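User: I am new to protein structures and would like a close look at one small part. Please take me through it step by step.
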Protein chains: 2
Amino acid sequence: MRLSQFHLHTSKETPADAEIASHRLMLRAGLIRKLAAGLYTWSPLGLRVLRRVEAVVREEMERAGAVELLMPSVQPRELWEETGRWEKFGGQLLKIQDRKESWYCYGPTHEEVITDFARAELASYRQLPVTFFQIQTKFRDEIRPRFGVMRAREFLMKDAYSFDIDDAGMAAQYQRMYDAYVRIFTRLQLEFRAVEADTGAIGGSASHEFHVLADSGEDAIAFSTATDYAANVELAQAAEPAARAAPSEDMRRVETPTQKTCDDVAALLGIPLARTVRTVAVMGAEGFTVVLMRGDHALNEIKLAKLPGLGDYRMATEAEIADHLGSEPGFLGPVAPARAIRVVADREVAAMADFVVGANVPGFHLAGVNWGRDLPEPDSVADLRNVAEGDRATDGGEIRIARGIEVGHVFQLGRRYAEAMGFTVLDEQGKAVVPAMGCYGIGVSRIVAAAIEQNHDEAGIIWPEPMAPWQVAVCVINPKQNPDVDEAAEALHRELRSAGLDVVLDDRGLRPGPMFADIELIGIPHRVVVSERGLAAGTFEYRARRGGDSENLDRGTLMTRLGIAD
Amino acid sequence: MRLSQFHLHTSKETPADAEIASHRLMLRAGLIRKLAAGLYTWSPLGLRVLRRVEAVVREEMERAGAVELLMPSVQPRELWEETGRWEKFGGQLLKIQDRKESWYCYGPTHEEVITDFARAELASYRQLPVTFFQIQTKFRDEIRPRFGVMRAREFLMKDAYSFDIDDAGMAAQYQRMYDAYVRIFTRLQLEFRAVEADTGAIGGSASHEFHVLADSGEDAIAFSTATDYAANVELAQAAEPAARAAPSEDMRRVETPTQKTCDDVAALLGIPLARTVRTVAVMGAEGFTVVLMRGDHALNEIKLAKLPGLGDYRMATEAEIADHLGSEPGFLGPVAPARAIRVVADREVAAMADFVVGANVPGFHLAGVNWGRDLPEPDSVADLRNVAEGDRATDGGEIRIARGIEVGHVFQLGRRYAEAMGFTVLDEQGKAVVPAMGCYGIGVSRIVAAAIEQNHDEAGIIWPEPMAPWQVAVCVINPKQNPDVDEAAEALHRELRSAGLDVVLDDRGLRPGPMFADIELIGIPHRVVVSERGLAAGTFEYRARRGGDSENLDRGTLMTRLGIAD
């Protein structure tokens, strides 16, 4: 490919509304151009990158036995009403009325359409298992589209759907897709984690998100130094606490006139924050409840809400607190409440001895408190906290917390859609059964942005090689002044191409400064300069985009450096 | 590819609402499935065919120097208002309101978006010429979607747009695209014609449609037996008529009491229809006009409307006819009208001598009429007729008329869009000039249907080889009863694959009848049967889908038949 016959449009200006590196660099490198809010044209350069990602995704889907099809982007309202999602999906669903005043939507996802297809074409267990996938433009009417293609309204997605006769089959296909996702992100040379995810309102049985690690990521994820374990911070669990020690202190009342937080109390008493206990008063279905957290731990509201009777909990009011504990916020505790209360303890608190807690008397805390002796054992014990950097992980490693960008999601849907849409197949006994489904998404266009977030420097993008628009740029210095230089560059271009490399010849005739700046900005992994001086010395100037100085290499060494056996 | 691991879903039923062969066969072969009016899912089998067409189109676009990009499918109203097409495009434009109540459309075409892209990225003549293309899903809200993907609402299209500094450049790129289209349809092995098309309301300077010839085609096209000349019947011209002969008869009045049509008059007088002249009375901007056509020729209203003063003509009323000619329909003629009239003659009529025409007296015609002698020469002479099968063509050949399916359109747009959207570039002199544009469309999904219209028989589809989902089907008879047969089939499958053929192994274990019926229905060009009997005899049963009986071939002959050098 000759760059003079391509359409490259880079810019030195940093776009004002681009908040993150990938958005800025995609605009500066000319990969995308904004058409309207959340709508982007992929330039020829950007499309080359997008297609590379798409090709890897397609290959691995096929390797995993998935079969590609293509569903319409416009979907009829009737199907969405069968699953109740026409209303429930919310404002992201772009609704469309056609000339006959029938309602449609621009598909944000295709569970309804694929289930409709499946109920028409799949009738017997003999046709299962099967996994369909497509790579297609989707639309979500984001209330605040931003970060370029990272959160665009129109975007390219790979969505796959599996159908199985039973749960075991669904789990097997889920695992196959999970493994395919690992291969995809590994092949794309991205640092990523498969993260246990909340199955949320859909209530499926298992779900993992795939995150590309990057400081600008919107999600915090916890992972272990020992194994591949990773989970959304909100779901992650640390290792069980050590067993509770025996009491070694007597309970005593300490004066804390203005110390209303664990931090202040620990400072006053000269003890570690980890020796204090915070009392959170809430109202749940079973009435007034206190939740006990170690002073240095953060309460995880998602975990709390999973406890019986606390699904719809709310904070208790000061009046309710006064009524049940006879005290006021800042000095609350589980010891000797005014009335009978329910006590829920984080498992770390349940394992504590000699701890400090509010005395239920304004201006006082209790120290040396011990379970069983000074108050009854808690009514319920559970993991209720957010993990923190440095916690011991369940696998024996240490927990690290990083930010991630969600680029993939695999989900065991179960029978929700098939049931709602009346889809059954005959099993081996000739009985109609509802198949179990999985769904598996990858944000193809988002991967491009995520890769840049993880791989860039001051000069621009540093593509992982499998995503680069070209692997090698051959830069010609003053092509018009010396035909030998031009010829040598063309010969090298041809040679690299026939060795199977994807090469671009920068024959635009720019001065070296702007030419090199462009090639760095657009992130080409390998740069080779052909100049009059090099030609005289029998060398080519080589530089890797990912670090390293430029070197003058003879032909053989250059070939070796580019991975070509001579 | 093993068919047991693919999703094939054929049907014996002929769908009731499918009016044409391609629609019927695409449904029966399971290439597509209807989701809603004009919306189709492409099954795995259908998508394989669609992708083959897409690949050929992409390769030829790139060979012609066009650069691929990808524009959003959703386009903002503001752009369409710049060109006035938000209103003018009509009901086919699917309008969409987003959650912020801004208006968009689902792009039926991308002139506005590409011109917006170009005005942002192209600033100098140095960046020209350039041709951008994309292969993308489009939407046209057809009032009556039908014929399956032939006239669907959502469809796959290749659209390309060229930008040039001047008309000569535009014409050169137009020619390059024209040539690329010829290569595309030639490679797809379709019988097609490039047809001169009307530039219509857009008023561009040149336009060709590419039609696949098929009896079910919606358009009639005229082409010559001598050269590649072809034109839409409405635009086609026959050769000039021979020079007018000298008068040989006197004008005389003949009684035609009930003979109101040329047919009846010719029959009564015992003369060829080609000796009669039909008089059509119209009202145009310049008033009452009679248009004269040879009795056996059809008036072409498009040609007529191109004459000065007849752009908005209408048929004259009986009152207007009585007023100007003093006669009534059935007996009209240009001789001795009641008042001065304008006479427009088709050039064939202008070349006639001794012809028959209405006498302007009810019950009478005039015979032996001659120009100049019996009436003045016509006020204007033009080609006003539809060509007919057997006419002499301008290139000396004979005109044939066939029906065609429009699958491509190339168009010299000129400066209409660039001007409306204020897009200029600097020319060599540093002056801002409006670039000249071309646009070039191919209906990728429609090609699939058109190919079937042209290539099918009672048993099903007969794919042109470059479009076939697989080139070869290896059918195994009773694979489970004899492991040797199974192994031999697998070995052949592997061997053909490594020779570069796209092969499917039908290992579904069907009986020969249904298995062969499926393979014929889905149109695989080459079928090879591996059976116990064949194995014993050392032969394979081979049959070409396009005609021919099945033959038992030894391995070497089979390879030769499949184009593989041993």
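Between which helix and which strand of chain B is the loop that holds Ala336(B)?

Analyst: Happy to help! This is a predicted model, in which local features need pLDDT of at least 70 and side-chain atom pairs count only at pLDDT 80 or more, while totals for chains, interfaces and linings use all residues. Residues are numbered from 1 along each chain as its sequence is written, chains are lettered from A and ligands numbered from 1 in the order in which they are written, and side-chain values use heavy atoms, leaving out hydrogens and water.

Ala336(B) lies in the loop between helix 9 (318–325) and strand 17 (342–346) of chain B. Helices (H or I, at least four residues) and strands (E, at least two) are DSSP runs, numbered from the N terminus. Ala336(B) is not a glycine, yet its phi is positive, about 50°. As background, most residues other than glycine have a negative phi. Ala336(B) is also exposed, with a relative accessible area of 61%. Here buried means under 20% relative accessible area, exposed over 50%, and partly exposed in between (1.4 Å probe, protein chains only).

Gln189(B) makes a useful companion: its phi is near 60°, again positive in a residue other than glycine. Gln189(B) is found in the loop between helix 6 (167–187) and strand 9 (192–196) of chain B. With 47% relative accessibility, Gln189(B) is partly exposed.

Another loop has a backbone feature of its own. The peptide bond from Leu128(B) to Pro129(B) is cis, with omega near -5°. Pro129(B) is in the loop between helix 5 (111–121) and strand 7 (130–139) of chain B. In general, most peptide bonds are trans. Chain A also has a cis bond, joining Leu128(A) and Pro129(A), with omega about -5°.

For contrast with the exposed Ala336(B), look at strand 27 (residues 472–476) of chain B: 5 of its 5 residues are buried, so the rest of the structure largely encloses this strand. Val472(B), Val474(B) and Val476(B) point one way from strand 27, and Ala473(B) and Cys475(B) point the other way. That fits a general pattern: in a regular strand the side chains alternate between the two faces of the sheet. Strand 27 of chain B pairs in the parallel sense with strand 28 (residues 503–506) of chain B over 4 bridges, where pairing requires that DSSP finds at least two bridges between two strands. One of the partnerships links Cys475(B) to Asp506(B) in strand 28 of chain B.
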